[in-house]
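Visitor: I should like a close look at a single part of this model, the sheet and what surrounds it. Please describe how its strands are arranged and what packs against them.

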Amino acid sequence: MTEHKKRNKILQNIAIVLGLLILIEAVALLRLYRNVAGYQKYWQQVAKEQKKPDDFVYLALGDSAAQGLGASHPDKGYVGLIAKDVSSQTGKSVRVINISKSGARVKDVIKDQIPKIKELTKDHKPDLVTIEIGGNDVATLDEA
């Protein structure tokens with residue numbers, strides 16, 4: 001095999017590998033996109049579940065990290081883990097009100113999430129509030 005043919009074969013193999021990597025990344029992004037809506041829907045459903053007067057109320061604000069994106073299930077993210085730990089430590093059931101939103105920035109928490117707190121917690125003030133925000137602000141500094 002000539003040197004030219006060897007180089008062409010190597011370039012073909014590199015192109016195939018790059019194509020496969022791009023395909024794998026596209027599938028991963030599609031799965032992530034589907035998870036965004038599914039994770040938010042999960043937390044909306046959790047918030048609608050039967051409330052008990054003696055529940056420990058946990059309010060979570062923020063972005064996709066608070067949604068649990070990246071975890072295998074929404075309750076495997078930090079909000080779900082905190083809720084589980086609080087329940088274990090207090091012996092109470094934990095009512096999670098997670099109003100975070102994937103892609104949110106600090107201005108979104110101030111404009112959209114904080115105004116919802118009063119209405120969502122009118123029957124019981126939160127016992128615990130977490131706010132995780134800022135990653136999207138850093139990623140979009142040029143748009144600030």
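Guide: Two strands are taken to pair if DSSP finds at least two bridges between them. The model is a predicted one. By that criterion, three strands form an open sheet in the order β2-β1-β3, and their pairing is parallel. The edge strands, β2 (94–98) and β3 (128–132), each pair on one side only. Neighbouring strands are turned against each other by 15° on average, with direction ignored. Helix α3, residues 78–90, packs on this sheet and touches β1, β2 and β3. The direction of α3 makes about 160° with that of β1.

The pairing can be followed from β1. In general, the strands of a sheet pair through backbone hydrogen bonds, in either a parallel or an antiparallel sense. Strand β1, which spans residues 56–62, is joined to β2 by five bridges, and the two run parallel. Within that pairing, V57 has R95 of β2 as its bridge partner. Five bridges also connect β1 with β3, again in the parallel sense. Here A60 stands opposite T130 of β3.

The surroundings of β1 deserve equal attention. Seven of the seven residues of β1 are buried, so this strand is largely enclosed by the rest of the structure. The burial applies to both faces: F56, Y58, A60 and G62 lie on one side, while V57, L59 and L61 lie on the other.

Some of these residues belong to nonpolar cores. The largest core has eight residues: W43, V46, Y58, A60, A66, V79, A83 and V96. The elements that give two or more residues to this core are α1 (3–48), β1 and α3. One member, W43, can be examined through its contacts beyond the neighbours within four places in sequence. These contacts are A66, Q67, P74, D75, V79, G80, V96 and N98. Among them, A66, V79 and V96 are also members of the largest core. A second core, separate from the largest one, has six residues, including L59, I97, I99 and V109. Strand β1 therefore has both faces covered by burial, with Y58 and A60 in the largest core and L59 in the second.

Terms used:
Residues numbered from 1 in each chain as written. Predicted model: local features only at pLDDT ≥ 70, side-chain atom pairs only at ≥ 80, totals over all residues. Heavy atoms only, no water. Helix = DSSP H or I, 4+ residues; strand = E, 2+ residues; numbered from the N terminus. Axes fitted to C-alpha atoms, helices over the stretch in contact; angles between N-to-C directions. Contact = heavy atoms within 4.5 Å. Core = buried A, V, L, I, M, F, W, Y, C linked by side-chain atoms within 4.5 Å. Buried < 20%, exposed > 50% of the residue type's maximum accessible area, 1.4 Å probe, protein only.
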